[in-house]
Amino acid sequence: MADLLDDAAITSALVDLPGWDRDGDSIVRTAELPDFPTAIRVVGEVADDAERADHHPDIDIRWRTLTFRLSTHSAGGLTAKDTALAAEISARVSAAGG
């Protein structure tokens, strides 16, 4: 099982993850993409990344707006798996114009 990050580590990690905010035992980012097909493409890319990492975000899709929520449920909070996947999600969103 992955080790939980302490508050200082989470705060430090969020400095390098613009757009991500802590919400209790999760980190959350909302991104607006140029259009619905682009948003769905990003969701597919994130799904592939998540499958490779064996770590899956909650994703809310509202037209071209995506909200990603990450937490390591098996560990009971935030771990390095969350911050690593958040960085990958940010890269996908940025590349898609979000």
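Modeller: In this account two strands pair if DSSP finds at least two bridges between them, where strands (E, at least two residues) and helices (H or I, at least four residues) are DSSP runs, numbered from the N terminus. The model is predicted, so that local features need pLDDT of at least 70 and side-chain atom pairs count only at pLDDT 80 or more, while totals for chains, interfaces and linings use all residues. Residues are numbered from 1 along each chain as its sequence is written, and side-chain values use heavy atoms, with hydrogens and water left out.

Biologist: What makes S1 and S2 a pair, and in which sense do they run?

Modeller: Three bridges join S1 to strand S2 (residues 26-32), so the requirement for pairing is met, and the two strands run antiparallel. Within this pair, arginine 22 has isoleucine 27 of S2 as its bridge partner. By the same test S2 pairs with S4, through six antiparallel bridges, with isoleucine 27 opposite leucine 70 of S4. S3 and S4 are joined in the antiparallel sense by five bridges, and isoleucine 59 stands opposite phenylalanine 68 of S4.

Biologist: How do you know which strands stand at the edges of the sheet?

Modeller: The four strands form an open sheet in the order S1-S2-S4-S3, with antiparallel pairing. S1 and strand S3 (58-62) each have a single partner strand, so one side of each is left without a neighbour in the sheet, and they stand at its edges. From one strand to the next the twist averages 25°, where the axes are lines fitted to C-alpha atoms (for helices over the stretch in contact) and angles run from 0 to 180 degrees between N-to-C directions.

Biologist: Why is the contact between aspartate 7 and arginine 22 called a salt bridge?

Modeller: The term requires a side-chain nitrogen of Lys or Arg within 4 Å of a carboxyl oxygen of Asp or Glu. The closest N and O atoms of aspartate 7 and arginine 22 are 2.8 Å apart, so the pair qualifies. This salt bridge links distant parts of the chain, since aspartate 7 lies in helix H1 (residues 7-15) and arginine 22 in strand S1 (residues 21-23), 15 residues apart. By this rule the count comes to eight salt bridges.

Biologist: Which residues are linked in a network of salt bridges?

Modeller: The network consists of Arg41, Glu45, Asp49, Arg52 and Arg92. Between arginine 41 and glutamate 45 the closest N and O atoms are 3.5 Å apart; these two residues are four apart in helix H2 (residues 36-53), which means that about one helical turn separates them. Arginine 52 and aspartate 49 come to 2.6 Å by the closest N and O atoms, and both lie in helix H2, three residues apart.

Biologist: How do you know whether aspartate 49 is buried or exposed?

Modeller: Relative accessible area decides this: buried means under 20%, exposed over 50%, and partly exposed in between (1.4 Å probe, protein chains only). Aspartate 49 has 4% and is therefore buried, whereas its partner arginine 52 has 60% and is exposed. Arginine 41 at 43% counts as partly exposed, and so does glutamate 45 at 22%.

Biologist: What makes a set of residues a nonpolar core, and which have the most contacts inside the largest one?

Modeller: A nonpolar core is a set of buried Ala, Val, Leu, Ile, Met, Phe, Trp, Tyr and Cys residues joined through side-chain atoms within 4.5 Å. The largest has 21 residues, and Trp20, Val42, Phe68 and Ile89 have the most contacts inside it. Two or more residues come from each of H1, S2, H2, strand S4 (65-70) and helix H3 (80-95), and H2 gives the most, with five. Along S4, Leu66, Phe68 and Leu70 point to one face and are buried, while Thr65, Thr67 and Arg69 point to the other and are not. In a regular strand the side chains alternate between the two faces of the sheet.

Biologist: Why is histidine 55 called buried, and what joins its side chain to that of aspartate 82?

Modeller: Histidine 55, found in the loop between H2 and S3, has a relative accessible area of 6% and is therefore buried. A polar contact is a pair of N or O atoms within 3.5 Å; within protein, one must be able to donate a hydrogen and the other to accept it, and residues adjacent in sequence count only if both atoms are side-chain atoms. The side chains of histidine 55 and aspartate 82 are joined by such a contact, of 2.6 Å.
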